[in-house]
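Me: Please take a close look at a single part of this model. I would like one connected account, with the cut-offs stated.

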Amino acid sequence: NFGENLSAAVLGAIFSMGIMKVGITDEYLGEGSGFTKAVGQPYADPVLFEDWVHDMNARRPEEWDWCGNRYKLPLDMVVNNPNFDKAVREKLQPRDVAGSDDLAGGNRSKTSRLSTDEDPTREEYREHVELWDIWIPGENVIVTLPSQDGLGPLQVREWTGPKHGPYHILGFTHVPGNLIPAAPSQGVYDIQDVMTKLFNQMSRQALRQKTL
């Protein structure tokens, strides 16, 4: 499904910035990472902007000290993964009861919730946890952290892929000195807003119109 994933990353760049994460599917997490994943095979997944974090002190990707993304996995797969720290695994709780150490900026709204509600009692078919992968270029390592408060890293491993790391960034209009590009949608938002107001105004005028 590389074509679909690439399309999703391009669409993300239209509204904010496109992010693609690449790597090799983990031996113990293949099934939990998505039904299209095959253990030991390469993957390329789009990352939602709301699940992305990076070093805000950097002016361009070559300067950042860290960057990473959030994702969810079935709890049992994480707990049973021998590559993860046992002491941390044993303290993991499902994401609906665990405290969240949100690296992406607190309890901000998620686009994935626009078509659903925020009811905390919603039940999942399988219990899940949220993890963060943080790439540190200077040390060439990827640190996997749980979102749950008060826990240390699950794993610290060396990055063995391309030197630019596991993330590819797409932007259509780069702003000098700023990591977040100007998205095309930002330029048409005001036009769309005016068009909507004019359409509503003309609709109301047409409904009031009477002929004597």
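Reply: The expected span of a helix is 1.5 Å times one less than its number of residues. The model is predicted, so local features need pLDDT of at least 70 and side-chain atom pairs pLDDT 80 or more, while totals for chains, interfaces and linings use all residues. Residues are numbered from 1 along each chain as its sequence is written, and side-chain values use heavy atoms, without hydrogens and water.

The part chosen is helix α1, residues 2-15 (helices are DSSP runs of H or I, at least four residues, and strands runs of E, at least two, numbered from the N terminus). With 14 residues at 1.5 Å each, α1 should span 20 Å, and this agrees with the 20 Å between its end C-alpha atoms.

Asn5, Ala9 and Ala13 of α1 are buried (under 20% relative accessible area with a 1.4 Å probe, protein chains only; exposed is over 50%, partly exposed in between). Looking down the axis of α1, the buried residues lie within an arc of 85 degrees, so they line one face of the helix (the arc is taken over directions from the helix axis to the C-beta atoms). An α-helix has 3.6 residues a turn, so residues three or four places apart point the same way. Gly3, Glu4 and Phe15, on the other side of α1, are exposed.

The cover over the buried residues of α1 includes strands β1, β2 and β8 as well as helix α4. These three strands make an open sheet in the order β2-β1-β8, paired antiparallel (a pair needs at least two DSSP bridges). At its edges are β2 (42-46) and β8 (167-170), each of which pairs on one side only. Neighbouring strands here are turned by 20 degrees against each other on average, direction ignored. Strand β1, residues 18-24, is joined to the antiparallel β8 by 4 bridges; within β8, tyrosine 167 is the bridge partner of lysine 21. Helix α1 packs on this sheet and touches β1, β2 and β8 (contact: heavy atoms within 4.5 Å). The direction of α1 makes about 145 degrees with that of β1 (axes are fitted to C-alpha atoms, for helices over the stretch in contact, and angles between N-to-C directions run from 0 to 180 degrees).

The covering helix α4 occupies residues 184-208; its 25 residues should span 36 Å at 1.5 Å a residue, and its end C-alpha atoms are 37 Å apart, which agrees. At aspartate 190, α4 bends by about 30 degrees (the angle between axes fitted to the seven residues ending there and the seven starting there).
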